Amino acid sequence: MRRRWAIGALLAVVVGLGTWVLTPAGPTAKPARSAVSDWSLNGAHGKYVLKILDGALSGREEGVVRADFNCAPDRAGLSHCTDVIDLVAGGVLTVENTHAMSKVPCLGPGDRLVLTPSGSGWIVGLKE
């Protein structure tokens with residue numbers, strides 16, 4: 001009886017781990033008007049699709065990256081970096097920048113962006 005229980009428990013663990021490993025990582029939803037078809041290339045050619053974590057953007061504004069952190073890649077190789085952006089007109093945005101650091105570098109302190117709203121909770125940042 002104990003042996004059957006132990007085999008059942010081991011099987012449950014193996015199935016659970018298999019499900020976790022095979023589950024895709026990354027953002028669960030794309031912005032409404034996004035051209036992102038491959039999150040690993042987000043930021044290529046200076047165009048970043050960014051998820052707003054804190055703050056708001058009412059219209060087109062310029063911003064300067066103050067900080068970039070939390071960039072450890074997930075199991076799919078995507079980093080979900082947290083960037084703090086100071087808006088030139090005043091205010092601060094905190095955003096998530098999903099990309100593969102092996103293909104597209106992180107935003108860095110001092111990088112200047114032109115920011116445009118792109119659907120609920122999303123913005124597009126064009127690096128100057």
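**Exercise 1. Find the neighbours of Thr 94, and place this residue in its strand.**

Begin with the contacts: leaving aside residues up to four places away in sequence, Thr 94 touches Lys 51, Ile 52, Leu 53, Asp 54, Thr 82, Asp 83 and Val 84. Keep in mind throughout that the structure is a predicted model.

Next, locate the residue itself: Thr 94 belongs to strand 4, which covers residues 92-99. Then look for its bridge partner, and you will find that Thr 94 in strand 4 is paired with Asp 54, a residue that also appears among the contacts of Thr 94.

Finally, decide whether Thr 94 is buried or exposed. The cut-off for buried is under 20% relative accessible area, and because Thr 94 has a relative accessibility of 18%, it counts as buried. The strand around it is mostly covered as well, since six of the eight residues of strand 4 are buried.

**Exercise 2. Describe the fold, going from the list of elements to the way the strands are arranged.**

First list the elements: the chain contains one helix and six strands, and along the sequence they follow the pattern α-β-β-β-β-β-β.

Second, trace the pairing, in which the six strands close into a barrel in the order 1-4-3-2-5-6, with antiparallel pairing. From one strand to the next, the twist averages 45°.

Third, examine some of the pairs one by one. Strand 1 and strand 4 run antiparallel and are joined by three bridges, while strand 3 and strand 4, also antiparallel, are joined by eight bridges. Within the pairing of strand 3 and strand 4, His 80 has Thr 98 of strand 4 as its bridge partner. The hairpin that these two strands form has four residues between the strands, and there Gly 90 takes a positive phi near 115°. Strand 2 (residues 61-69) pairs with strand 5 (residues 112-117) over four bridges, again in the antiparallel sense, and Glu 61 stands opposite Leu 115 of strand 5.

**Exercise 3. Identify the nonpolar cores and say which elements contribute to them.**

Start with the largest nonpolar core, which has 14 residues, and in which Ile 85, Leu 93, Leu 115 and Ile 123 have the most contacts. Two or more residues of this core come from each of strand 1 (47-54), strand 3 (79-87), strand 4 and strand 5. Strand 1 gives the most, with three residues.

Now turn to one of these core residues: not counting residues up to four places away in sequence, the contacts of Ile 123 include Tyr 48, Val 49, Leu 50 and Ile 52, and also Leu 93, Val 95 and Leu 115. A second, separate core consists of seven residues, among them Val 36, Val 49, Ala 100 and Trp 122.

**Exercise 4. Find the aromatic pairing in the structure and describe its geometry.**

A search of the whole structure gives one aromatic pair. This pair is made by Trp 39 and Trp 122, whose ring centres are 6.0 Å apart and whose planes lie at 35° to each other, an arrangement that is classed as tilted.

Then ask where in the chain the two partners sit. Trp 39 is in the loop between helix 1 (2-22) and strand 1, whereas Trp 122 is in strand 6 (residues 122-127), so that the pair links distant parts of the chain, 83 residues apart. Both Trp 39 and Trp 122 are buried.

**Exercise 5. Check the cysteines for disulfides, and classify Cys 71, Cys 81 and Gly 119 by their accessibility.**

A disulfide is a covalent bond between the sulfur atoms of two cysteines. How many disulfides does the structure hold? The number is zero.

For the accessibility, use the same kind of reasoning as before: Cys 71, at 15% relative accessible area, is buried, and Cys 81, at 0%, is buried too. Gly 119, in the loop between strand 5 and strand 6, has a relative accessible area of 25% and is therefore partly exposed. In space, Gly 119 and Lys 51 are 9.9 Å apart, C-alpha to C-alpha, with their positions 68 residues apart in sequence.

To finish, consider the chain as a whole: buried residues make up 34% of its 128 residues. Among the contacts with a separation of 6 or more, 60% are between residues 24 or more positions apart.

Terms used
Residues are numbered from 1 along each chain as its sequence is written. This is a predicted model: local features need pLDDT of at least 70, side-chain atom pairs count only at pLDDT 80 or more; totals for chains, interfaces and linings use all residues. Side-chain values use heavy atoms; hydrogens and water are left out. Buried means under 20% relative accessible area, exposed over 50%, partly exposed in between (1.4 Å probe, protein chains only). Contact means heavy atoms within 4.5 Å. Two strands pair if DSSP finds at least two bridges between them. Axes are lines fitted to C-alpha atoms, for helices over the stretch in contact, and angles run from 0 to 180 degrees between N-to-C directions. A nonpolar core is a set of buried Ala, Val, Leu, Ile, Met, Phe, Trp, Tyr and Cys residues joined through side-chain atoms within 4.5 Å. Rings of Phe, Tyr and Trp (its six-membered ring) pair if their centres lie within 6.5 Å; planes under 30 degrees apart count as stacked, over 60 as edge-to-face and the rest as tilted. A disulfide is a pair of cysteine sulfur atoms within 2.5 Å.
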